[in-house]
Amino acid sequence: MSSPRLFTPWQMRRVVARNRVAISPMQQYSAEHGEANDWHLAHLARFAMGGAGIVFVGSTAVEERGRNTHGDLGLWDARQVEPLARVARALRRSGAVAGIQLGHCGRKAGLQKWWEGHGPLNAADTARGEGPWPVIGPSALPVDAHYRVPDAPDADGVAQTVAAWGEAARRARDAGFEALEIHGAHGYLIHQFLHPVSNRRSDRCAISICWSRQRR
């Protein structure tokens, strides 16, 4: 009996996964100052030891202000590379392709962890040391009445955020990751720029221009 395709190797350029089982990126909300720790190592390495072909680290913020919660992983700073490199090494040692998802929550940043309600950070959160921070979005439009009003960066500010994605990708490469996924859904920053509900700009970062570039 031939082997099901699920359990056959899969290749993308020079990266070869031993099978087509991929562990999706799952946020753990357990980082401190964006750094991975023993929890991330144990949680992710077990999937590689179990035989998955590709294991993705959960959404990792390209900017500190782009975190969903205080517990999010990050690659906005060089100090965050080695803790994630430790995870990548463990995945590769167990035969899996080490993958990572990069993200930026935009106007949906600055929320409580799920077990604390996952609403916007408030005074009670500030009292225990996890206060809110300024967030950005394509336009100065909050998600709803209870969310922070985002700052809308000018074109140069948008370019700086784009550059932050590139810098985070380079840090991911330096950490030993072989696959990278860009989080462009769930109403996060990239999605916000591509949707008229959140993008009301009239400059070169307007929704009509974003859509035309996406189609090309």
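Leaving aside neighbours within four places in sequence, which residues is Ala31 in contact with? The tour returns to that selection after a look at the whole chain. Keep in mind that this is a predicted model.

**Whole chain**

Show the protein chain as a cartoon and colour it by secondary structure: there are six helices and seven strands. Followed along the sequence, their order is β-β-β-α-β-β-α-β-α-α-β-α-α. The C-alpha trace spans about 55 × 45 × 30 Å along its principal axes. The radius of gyration is 18 Å, which agrees with the value near 17 Å for a compact globule of 216 residues.

Switch to a surface. The protein chain exposes about 11,300 Å², and carbon and sulfur atoms supply 55% of that area. Of its 216 residues, 49% count as buried. Among contacts with a separation of 6 or more, 67% are between residues 24 or more positions apart. For the charges, select the 27 positive and 20 negative ones; their mean positions lie 9 Å apart.

**The largest nonpolar core**

Next select Val55, Val57, Leu75, Leu84, Leu91, Ile100 and Phe177. These touch the most other members of the largest nonpolar core, which has 27 residues. The elements giving two or more residues to this core are α1 (38–49), β4 (54–61), α2 (81–93), β6 (97–103) and α4 (155–174). Of these, α2 gives the most, with six residues.

Centre the view on Val57. Not counting residues up to four places away in sequence, Val57 touches Pro25, Leu44, Leu73, Leu84, Val87, Gly99, Ile100, Gln101 and Phe177.

Then move to a second, separate core of six residues, which includes Ala109, Trp133, Val135 and Tyr188.

**Strand β7 and Ala179**

Select Ala179, which is in strand β7. With residues up to four places away in sequence left out, Ala179 touches Phe56, Val97, Ala98, Gly99 and Ile100. For a distance across the model, pick the C-alpha atoms of Ala179 and Lys108: they are 25 Å apart in space, with the two positions 71 residues apart in sequence numbering.

**The loop between β3 and α1**

Go now to Ala31, found in the loop between β3 and α1. Is Ala31 buried or exposed? Its relative accessible area is 6%, so Ala31 is buried. Show its surroundings: apart from neighbours within four places in sequence, Ala31 is in contact with Asn37, His40, His70, Gly71, Asp72 and Leu73. Phe56, by comparison, is 25 residues from Ala31 in sequence and 16 Å from it in space, C-alpha to C-alpha.

Stay in this loop, between β3 (22–23) and α1, and select His33. His33 is exposed, with a relative accessible area of 58%. Check its backbone: His33 has a positive phi of about 55° although it is not a glycine. Most residues other than glycine have a negative phi.

**The loop between β7 and α5**

Where is His186? The place of His186 is in the loop between β7 (179–182) and α5 (189–193). Here too the backbone deserves a check, since His186 is not a glycine and yet has a positive phi of about 60°. With a relative accessible area of 57%, His186 is exposed.

Note on methods
Residues are numbered from 1 along each chain as its sequence is written. This is a predicted model: local features need pLDDT of at least 70, side-chain atom pairs count only at pLDDT 80 or more; totals for chains, interfaces and linings use all residues. Side-chain values use heavy atoms; hydrogens and water are left out. A nonpolar core is a set of buried Ala, Val, Leu, Ile, Met, Phe, Trp, Tyr and Cys residues joined through side-chain atoms within 4.5 Å. Buried means under 20% relative accessible area, exposed over 50%, partly exposed in between (1.4 Å probe, protein chains only). Helices (H or I, at least four residues) and strands (E, at least two) are DSSP runs, numbered from the N terminus. Contact means heavy atoms within 4.5 Å. The radius of gyration is taken over C-alpha atoms; the globule rule is 2.2 Å times the number of residues to the power 0.38. Accessible areas come from the Shrake-Rupley method with a 1.4 Å probe; for residues, only the protein chains shown count as cover. Lys and Arg count as positive and Asp and Glu as negative; His and the chain ends are not counted. The place of a charge is taken as NZ of Lys, CZ of Arg, CG of Asp or CD of Glu.
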